[in-house]
Amino acid sequence: MSILVTGGAGYIGSHTCVELLRNGLELVIVDNLSNSSLESINRVRKVTGKGFPFYEIDIRDKDGLKSVFSENKIDAVVHLAGFKSVGESVQIPLHYYHNNISGTLTLCDVMKTFGVKKLVFSSSATVYGNTESVPLVEDTPLGATNPYGRTKWMLEEIFRDLFISDNEWSIALLRYFNPIGAHESSLIGEDPNGTPNNLTPYITQVAIGKLNKLRIFGNDYETPDGTGIRDYIHVVDLAQGHLKALSKVVSTTGIEAYNLGTGKGYSVLEVVSAFEKVSGKTIPYEIVERRAGDIAKCYSDPSKANHELKWRAEKGLREMLEDAWRWQENNPNGYATVNNKPLQIFTRS
Ligand code: NAD
Ligand code: UD1
């Protein structure tokens, strides 16, 4: 079976490609490298020892996508391409709507033209808005608090309309919780541009000396230690969720949402303390104001994915942080350590 992976050069995409290749699937990868580098594709080849075509194409380029579908046999699509920064989406919402929504519409048009109606989509726990009714189940009413979140919510609705119009589609909406960690080989991992927004890459950059100290956004939440609680999931577990979702979509029709999380929440202070244990480093921190838009607790009930996809997150917090730290130590400048990242061109037009 041959799978098109959009956004395959990115953090989650590269790990997903490794898992799909390891399980005997053939891949075609499309990425415009707007938030990634060719080196991650090289590393996927290195980790797996497998080859595959890579197209440096924007998914909004319909003719480009058509040539990908003409030149390759494609049975299903794993669609991860998109912009993902909450803060940036507030600054440049139209870029987010164009890229995430128009890009996905173009992809669906081309899939339809070529009769490919099997899709696994990267959604996010962000579609639960600022609800605090944890653990979150899939039928919790949806919402969004920023343009990025709205793109995911709107796309979920668009996919539902698509299925209503044509029952041959088979779509899995994967609602990721907080993916962290890296491949155990430390050849692929998360390589944020500039100062990280997310907790774990921030901590690892403090540990390696690139940043001075962690700022903890509030210790007055209604949680046992006052800091925010999240459902961190190892990126390799998450990647395996795509494999399971693909098995489901290729053998059925319909549209279903699945939480991909561990079901267990950890506070910021628990993550800091666990990281200090695995790395032997002290993480200096200060408590600062709450970050706008943050909520106290967000963790999943992953039972639906456990039962219907036969998938379960296996790796615990210690392993997530060990792998994140190994990646950071071995790649202090991410993929730029040995690659062409400075030559990367941003094509956000
Ligand atoms: P990432 O930025 O590392 O990967 C996204 C990839 O898509 C990048 O390689 C980027 O170059 C590519 N891309 C963006 N726009 C494109 C376009 N128009 N055409 C072609 N390629 C394009 O992000 P990630 O963390 O790997 O996230 C992957 C997906 O998962 C995204 O859709 C994101 O919104 C979603 N998601 C991520 C998280 C997270 O915490 N990382 C959480 C929930 C959902
Ligand atoms: C953020 C996004 C969310 C996105 C997710 C994964 C916001 C408001 N939400 O989620 O939409 O799906 O990333 O990309 O941006 N923290 C600190 N100091 C830091 C960084 C984080 O204290 O420097 C705290 C946060 O307040 C939070 C926890 O650590 O309690 C996790 O934060 P983060 O990694 O940014 O993820 P989310 O906020 O859950």
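**Exercise 1.** Which elements each supply at least two residues of the shell around ligand 1? Describe that shell and its polar contacts.

*Solution.* The model is predicted: local features need pLDDT of at least 70, side-chain atom pairs count only at pLDDT 80 or more, and totals for chains, interfaces and linings use all residues. Residues are numbered from 1 along each chain as its sequence is written, chains are lettered from A and ligands numbered from 1 in the order in which they are written, and side-chain values use heavy atoms, without hydrogens and water.

Step 1. The elements are α1 (11-22), β5 (118-124) and α6 (147-165). Helices (H or I, at least four residues) and strands (E, at least two) are DSSP runs, numbered from the N terminus. β5 has the largest share, three residues.

Step 2. The shell holds 26 residues, with Ile 12, Asp 31, Asn 35, Ser 36 and Asn 99 the closest. A residue counts if one of its heavy atoms lies within 4 Å of the ligand.

Step 3. List polar contacts (pairs of N or O atoms within 3.5 Å). Oxygen atoms of ligand 1 lie 2.6 Å from the side chain of Ser 36, 2.8 Å from that of Lys 84 and 2.9 Å from that of Lys 152.

Step 4. Alone, ligand 1 exposes 810 Å², and the protein buries 95% of that. Areas come from the Shrake-Rupley method with a 1.4 Å probe.

**Exercise 2.** Work through the surroundings of ligand 2.

*Solution.* Step 1. There are 18 residues around ligand 2; Leu 199, Arg 215, Arg 230, Arg 291 and Asp 294 come nearest.

Step 2. β8 (214-217) and α7 (199-207) each supply at least two of the shell residues. β8 gives the most, four.

Step 3. Side-chain N or O atoms of Arg 230 and Arg 291 are 2.6 Å and 2.7 Å from an oxygen atom of ligand 2. For Asn 198 the distance is 2.9 Å.

Step 4. The protein covers 85% of the 730 Å² of accessible area that ligand 2 has on its own.

**Exercise 3.** Why is one side of β12 and of β14 left without a neighbour in the sheet?

*Solution.* Step 1. Write the order: β12-β9-β14, an open sheet of three strands with mixed pairing. Two strands pair if DSSP finds at least two bridges between them.

Step 2. β12 (266-267) and β14 (297-298) stand at the edges with a single partner strand each, so one side of each has no neighbour in the sheet.

Step 3. Check one pair. β9 (residues 229-230) and β14 run parallel over two bridges. Ile 229 stands opposite Lys 297 in β14.

Methods
A polar contact is a pair of N or O atoms within 3.5 Å; within protein, one must be able to donate a hydrogen and the other to accept it, and residues adjacent in sequence count only if both atoms are side-chain atoms.
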